[in-house]
Amino acid sequence: MTTMNDAKRVNRDVLGGFLFKLFSSLGMTGENARTCADAVVLTNLWGIDSHGIVRLPTYARRLRENVINGNPKVRVLADSGALRILDGDEGMGFLVGHEAMHQAMEMAGAHGIGMASVRNSNHFGAASLYAWQAVKEGFMALVMSNVRPNMVAPGGAEPVTGNNPIAFGAPTRLGFPFLLDISMSTVAGGKFFLAQSREEKIPFGWATDKDGKPTDDPGKALEGFLLPIGGHKGFGLSLVVDLLCGVISGGTFQHRILSMYTSPDSTSGTCHMMLALDPGVLLGESAYLDRMDTFYRSIKSSPVRAESCMYLPGEIEHATMLRRESDGIPVHDELLREINCLARDLGVEALDTIDQTRAPRGPGRILNHR
């Protein structure tokens with residue numbers, strides 16, 4: 001069984017520089033390569049390893065084979081002032097999502113609220129990346145994305161909806177923002193890849209096999225289906241996400257969406273929804289932040305059992321980020337070998353040969369959190 005002791009610790013800036021070169025070698029412009037590299041590094045810094053560099057080989061293959069566009073031209077298809085429909089040009093999801101949230105913030109700056117509904121995109125990583133993007137600029141944000149149906153309804157034996165993620169962010173005066181990121185399944189499917197790479201079992205209740213039977217085997221789970229969080233509640237919320245992403249954007253929804261794993265040679269047609277809201281318009285910035293202080297204090301002061309701690313959404317990720325900035329980001333041996341093989345094939349220096357004392361760059365626009 002693979003353990004954390006089998007992982008190599010990689011400096012965040014070294015990893016960022018490596019990823020920048022890798023994405024550049026795949027044909028991205030410097031700006032786009034930086035955006036994607038920052039997104040992957042930040043995801044791993046937060047400890048959301050199921051959406052970080054573990055996905056890199058799949059992204060790279062699709063970019064190399066021109067299945068997805070590494071330099072998309074996101075177009076406005078409809079604009080009502082505070083609401084836009086965008087076409088993602090079959091682009092890399094990190095790039096489409098970043099541009100969509102930028103436009104949502106642009107609208108919110110003018111109208112107090114802005115929503116971008118996006119079609120014709122691809123997997124965009126962790127939804128919290130785009131909530132974070134808005135929070136850094138003082139906006140509240142709501143982020144959603146649809147995915148190909150991979151989740152059964154309670155009692156169902158075939159998938160009818162995706163484990164569609166929802167993220168919400170809000171600024172605070174603390175060292176970290178309110179940042180909630182959840183998918184509508186009990187766990188994200190990426191955890192099956194991690195468990196499989198570490199030769200670990202998964203808990204029953206996470207997924208079924210291809211016949212709809214509960215399983216603790218991550219390999220069978222990857223061939224099977226996810227289970228919704230909270231039974232009918234998670235199932236219903238997943239449908240809401242698909243309505244707000246796929247249906248109203250004029251894009252794909254339900255089984256019309258393709259998976260980058262089961263349909264690796266086709267663009268996914270994924271749809272997103274980015275909403276930004278300026279809380280200062282309603283209350284004034286200072287009053288809003290005062291109320292957030294009160295909100296946070298009331299939660300943190302609530303009693304817990306002696307062995308427990310009260311964590312706020314985003315707090316654990318922030319603590320993980322600080323620890324990994326100091327200690328490095330863990331990359332397990334099997335994944336490291338796969339990434340190094342990919343790098344050599346692309347003519348990029350392998351990650352395990354880079355001097356970890358080097359810091360080839362400072363934080364990019366996504367990573368800059370201070």
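In the predicted model, Asp79 has a relative accessibility of 47% and therefore counts as partly exposed, since that class lies between the 20% limit for buried and the 50% limit for exposed residues. Asp79 belongs to strand 2, which covers residues 75–79. The C-alpha atom of Asp79 lies 9.2 Å from that of Ala116, although 37 residues separate the two in sequence.

Helix 2 (residues 30–45) takes part in two helix–helix contacts, with helix 4 and with helix 11. Two packed helices are described by the angle between their axes and the distance between the axes. For helix 2 and helix 4 (residues 93–111), the axes come within 9 Å and cross at roughly 95°. Helix 2 is therefore roughly perpendicular to helix 4. On the side of helix 2, this contact involves Asn32, Thr35, Cys36, Ala39 and Val40, and these meet Phe94, Leu95 and His98 of helix 4. Sorted by class, the residues of the contact of helix 2 with helix 4 comprise 5 nonpolar and 3 polar, with no charged residue.

The packing of helix 2 with helix 11 (residues 315–327) has an angle of about 105° and an axis separation of 8 Å. This angle falls in the range of 65 to 115 degrees, so helix 2 and helix 11 are also described as roughly perpendicular to each other. Leu42, Asn44 and Leu45 of helix 2 make the contact, together with Glu317, Thr320, Met321, Arg324 and Glu325 of helix 11. The contact of helix 2 with helix 11 contains 3 nonpolar, 2 polar and 3 charged residues. Charged residues are thus present in the contact with helix 11, whereas the contact with helix 4 has none.

The loop between helix 2 and helix 3 contains Gly52. With a relative accessibility of 1%, Gly52 is classed as buried. When neighbours within four places in sequence are left aside, the contacts of Gly52 are Val40, Thr43 and Asn44. Of these, Val40 is among the residues of helix 2 that meet helix 4, and Asn44 is among those that contact helix 11. Gly52 and Ala39 are 13 residues apart in sequence, with their C-alpha atoms 8.2 Å apart in space. Ala39 likewise takes part in the contact of helix 2 with helix 4.

Helix 4 has 19 residues, and its end C-alpha atoms are 26 Å apart, which agrees with the 27 Å expected at 1.5 Å a residue. Just after helix 4, Gly112 has a positive phi of about 90°.

Helix 12 (residues 333–346) consists of 14 residues and reaches 20 Å from its first C-alpha to its last, close to the expected 20 Å. The buried residues in helix 12 are Leu335, Leu336, Ile339, Asn340, Leu342, Ala343 and Leu346. Viewed down the axis of helix 12, the buried residues fall within an arc of 160° and so line one face of the helix. Arg337 and Arg344, on the other side of helix 12, are exposed. The cover over the buried residues of helix 12 includes strand 1 (7–10), helix 1 (12–25), helix 3 (56–64) and strand 13 (329–332). Gly347, just after helix 12, takes a positive phi of about 75°.

In helix 6 (residues 190–197), the residues Gly190, Phe192, Leu194 and Ala195 are buried. The buried residues of helix 6 pack against strand 10 (207–208), helix 7 (218–223) and strand 11 (225–226). Helix 6 is followed by Glu199, with a positive phi near 60°.

Most residues other than glycine have a negative phi. Besides Glu199, positive values occur at Asn120, with phi near 65°, and at Gln254, with phi of about 50°. Asn120 lies in strand 4 (residues 113–121) and is partly exposed, at a relative accessible area of 21%. Gln254 lies in the loop between helix 8 (232–249) and strand 12 (270–277). Gln254 is also partly exposed, its relative accessible area being 35%.

Notes
Residues numbered from 1 in each chain as written. Predicted model: local features only at pLDDT ≥ 70, side-chain atom pairs only at ≥ 80, totals over all residues. Heavy atoms only, no water. Helix = DSSP H or I, 4+ residues; strand = E, 2+ residues; numbered from the N terminus. Expected span 1.5 Å × (residues − 1). Buried < 20%, exposed > 50% of the residue type's maximum accessible area, 1.4 Å probe, protein only. Arc of directions from axis to C-beta. Contact = heavy atoms within 4.5 Å. Axes fitted to C-alpha atoms, helices over the stretch in contact; angles between N-to-C directions. Parallel < 35°, antiparallel > 145°, perpendicular 65-115°, else oblique. Nonpolar A, V, L, I, M, F, W, Y, C, P; charged D, E, K, R; others polar.
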